4 protein chains.
Amino acid sequence: MIPDHEFIKNPSVPGPTAMEVRCLLMCLADPGKGDTAVDVGCGTGGVTLELSRRAGRVYAIDKSPDAISTTEMNLKKHGLGDNVTLICSDAVEALSEIDALDIAVIGGSGGRLGEILEMVTDKLTDGGRILITAILLETRCEAVKYLKELGFDVNITELSITRGRVLERGTMMVSKNPIAVVYTDNSD
Amino acid sequence: MIPDHEFIKNPSVPGPTAMEVRCLLMCLADPGKGDTAVDVGCGTGGVTLELSRRAGRVYAIDKSPDAISTTEMNLKKHGLGDNVTLICSDAVEALSEIDALDIAVIGGSGGRLGEILEMVTDKLTDGGRILITAILLETRCEAVKYLKELGFDVNITELSITRGRVLERGTMMVSKNPIAVVYTDNSD
Amino acid sequence: MIPDHEFIKNPSVPGPTAMEVRCLLMCLADPGKGDTAVDVGCGTGGVTLELSRRAGRVYAIDKSPDAISTTEMNLKKHGLGDNVTLICSDAVEALSEIDALDIAVIGGSGGRLGEILEMVTDKLTDGGRILITAILLETRCEAVKYLKELGFDVNITELSITRGRVLERGTMMVSKNPIAVVYTDNSD
Amino acid sequence: MIPDHEFIKNPSVPGPTAMEVRCLLMCLADPGKGDTAVDVGCGTGGVTLELSRRAGRVYAIDKSPDAISTTEMNLKKHGLGDNVTLICSDAVEALSEIDALDIAVIGGSGGRLGEILEMVTDKLTDGGRILITAILLETRCEAVKYLKELGFDVNITELSITRGRVLERGTMMVSKNPIAVVYTDNSD
């Protein structure tokens, strides 16, 4: 997993998703070389880079040109990107151009989560996985609600990460803001 | 409980202790008009002000002159302080001047927690309460260890507080760093 | 604050609300002898007992007869209850009988949170406070949404409480399930 | 990652380590086919199984015969174990038989963490990684202290995992007890 501090950052672009959360996302998404994955709202590229190392084909979508160029710089910095298509566009439009998806990670939806999830569900292969990372309270509720309505078994896990700063005088525990991962359950 | 933003702050002085933690401290310390209380490492004065409103007599100790003057300004701002003695000194020396204590809240120990707890225990009245707020991992372990060695039944509660910022686009959950409260248990 | 283990429990009745959460609720609700308070969904009576000790008049409402009788037993056990009216009924109906409210704590809504909040808002005195404790994800979202729609400034604080069990071999940290407190903000 | 519920459990054996924590451990340990790994205090086998799938050679040590047989059953259930040596013994003795280690995951130390870490450090290859999972408060402090004394750069991350139970009436958030992962930092 690429450490958080190894990403080039742009103050106007959110991310990268904390390393601990990317670990969980990759465990749950379980990308393989035969998989096509999409990262909706790619931001700094944290998830895109991890998908690029593991999946066959990756689409990274963000409506912000700054996000797309930051993701591009990070791919280059880490020698990745040959299997990544960067799309600077609204997610709904961008998704309409993609045929089939094995993995969809949704980190930003620009207020159109319902439409995005409908479109992703349409294109999802058998055994495909959808994962939504939610920082806003409302996104957590909506993600659970929409996925239920679309017929999925839904899981939600909230991660609170506290990292110690090991100082001379002791170890200071510093919290990251909690993130919820809402995801479809393919076990039965 | 005085809201966090109602305190005058000094960038070189830690605090105030988050309102939610002060609530818990006051519930556990249960100060009454007959009680003498000490706030060791008073910092911004968050705990001192709450003790001043509830206890009979309060000693606020800090070795930092900035902390003492910040606490003094906050007492004045909130019309409190008549029952507060401010002591700018090392905690061990300051405590040696106090006769008897019903409540000791220890938020900073300058690396002398063991000596402070011994001294406080000596001066503690029957039914008296000791509470240590710990930000450092090591302080949590030491506080539990010292209080056990001094013969107390010990409790420790860690509070993780996440406050929502209610924004136009949704409610963003923002974590405060976790704080542990280590305290003596007087129930039997 | 009455310790959790000092409550008589009934396996079919939820609660009591963890002591740390009751501390926060009382700090935020700030009940005084002139206040009329309601505890909607009183369950085991954790909040009702604390309100009874501090407010002038308390209405404890629950549609479950087991909850009402458990709350009654706990009031009796702690020598409280002279200022408490127990109402075994649907919350909306029960609230319609109350004239004016200074404090409303809502711990259970039976799926009718919107109606309850409308009714409570109608009866709320100037400077009155509404507090909702939410265990379900959806209740958090709904509480924020409804209070915003009713014109309040809204705060939400999630408390994660981890209590140590001080054992021979060390201190085992044990988490309580997180609770969110959604409340109206009367500061300006 | 093998889901928690896919493990055979024995009431007298702790574990398995929560899936989210195993994700993080595998990300941090980064086992490869050339690596020799040890799981000290293997318990139910949660970490052993993940190491078995990724590393070259794995030693699983536990002084409890029940733990060893539970780990063995779980290896068999998941078609793993060809590269695993199970050792039912005190960790210090068991480690003395192992020549070189790339990865050490320590989930239980039977009160001998200092000796175990010294021994592991002696056998650690260049670039090797040590990870300690700590449930007890004291283990966190000791792990940080010992690793510092042994000359390592130390990291500590505490994970609080809250999983939703998606019920008819809403999503109930249920906390797992927090776990800290103390680990050596090989970045420079």
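Two strands pair if DSSP finds at least two bridges between them. Helices (H or I, at least four residues) and strands (E, at least two) are DSSP runs, numbered from the N terminus.

The structure is a predicted model, in which local features need pLDDT of at least 70 and side-chain atom pairs count only at pLDDT 80 or more, while totals for chains, interfaces and linings use all residues. Residues are numbered from 1 along each chain as its sequence is written, chains are lettered from A and ligands numbered from 1 in the order in which they are written, and side-chain values use heavy atoms, with hydrogens and water left out.

**Exercise 1. Determine which strands of chain C pair with strand 6 of chain C, and in what sense.**

Step 1. Strand 7 (residues 170-175) of chain C pairs with strand 6 of chain C over six bridges, in the antiparallel sense. Within this pairing, C:Thr162 has C:Ser175 of strand 7 as its bridge partner.

Step 2. A hairpin with two residues between the strands connects strand 6 to strand 7 of chain C.

Step 3. Strand 8 (residues 179-184) of chain C is also joined to strand 6 of chain C by six bridges, and these two strands run antiparallel. Here C:Val154 is matched with C:Thr184 of strand 8.

**Exercise 2. Establish how strand 6 pairs from one chain to another.**

Step 1. Between chain A and chain D, strand 6 (residues 154-167) of chain A and strand 6 of chain D run antiparallel and are joined by seven bridges. A:Glu158 lies opposite D:Thr162.

Step 2. Between chain B and chain C, seven bridges link the two copies of strand 6 (residues 154-167), which run antiparallel. In this pairing B:Ser160 faces C:Ser160.

**Exercise 3. Describe the interface of chain D and chain A.**

Step 1. Chain D gives 24 residues to the contact (heavy atoms within 4.5 Å), and chain A gives 24 residues.

Step 2. The buried area, which is the accessible area (1.4 Å probe) that two parts lose on being put together, summed over both, is about 2000 Å² for chain D and chain A. Carbon and sulfur atoms give 66% of it. On the side of chain D, the residues that lose the most area to chain A are D:Cys27, D:Ile156 and D:Val166, together 23% of what that side buries.

Step 3. Elements of chain D that give two or more residues to this side are helix 1 (19-29), helix 6 (137-149), strand 6 (154-167) and strand 7 (170-175). Strand 6 of chain D supplies the largest share, 12 residues.

Step 4. Zero salt bridges (a side-chain nitrogen of Lys or Arg within 4 Å of a carboxyl oxygen of Asp or Glu) are found across the interface of chain D and chain A.

**Exercise 4. Find the symmetry that relates the copies.**

Step 1. Two copies of a chain are related by a rotation about an axis and a shift along it. Copies are superposed by least squares on the C-alpha atoms of residues with pLDDT of at least 70 in both.

Step 2. A turn of 180° with a shift of 0.0 Å along the axis lays chain C on chain D, at an RMSD of 0.0 Å. This is therefore the relation of a two-fold axis. The C-alpha of chain C nearest the axis belongs to C:Ser175, 3.1 Å from it.

Step 3. Chain D can likewise be laid on chain A by a turn of 180° and a shift of 0.0 Å along the axis, with an RMSD of 0.0 Å. In chain D, the C-alpha of D:Ser160 is nearest this axis, at 2.5 Å.

Step 4. Because 100% of the interface residues of chain D are also interface residues in chain A, these copies meet through the same surface.
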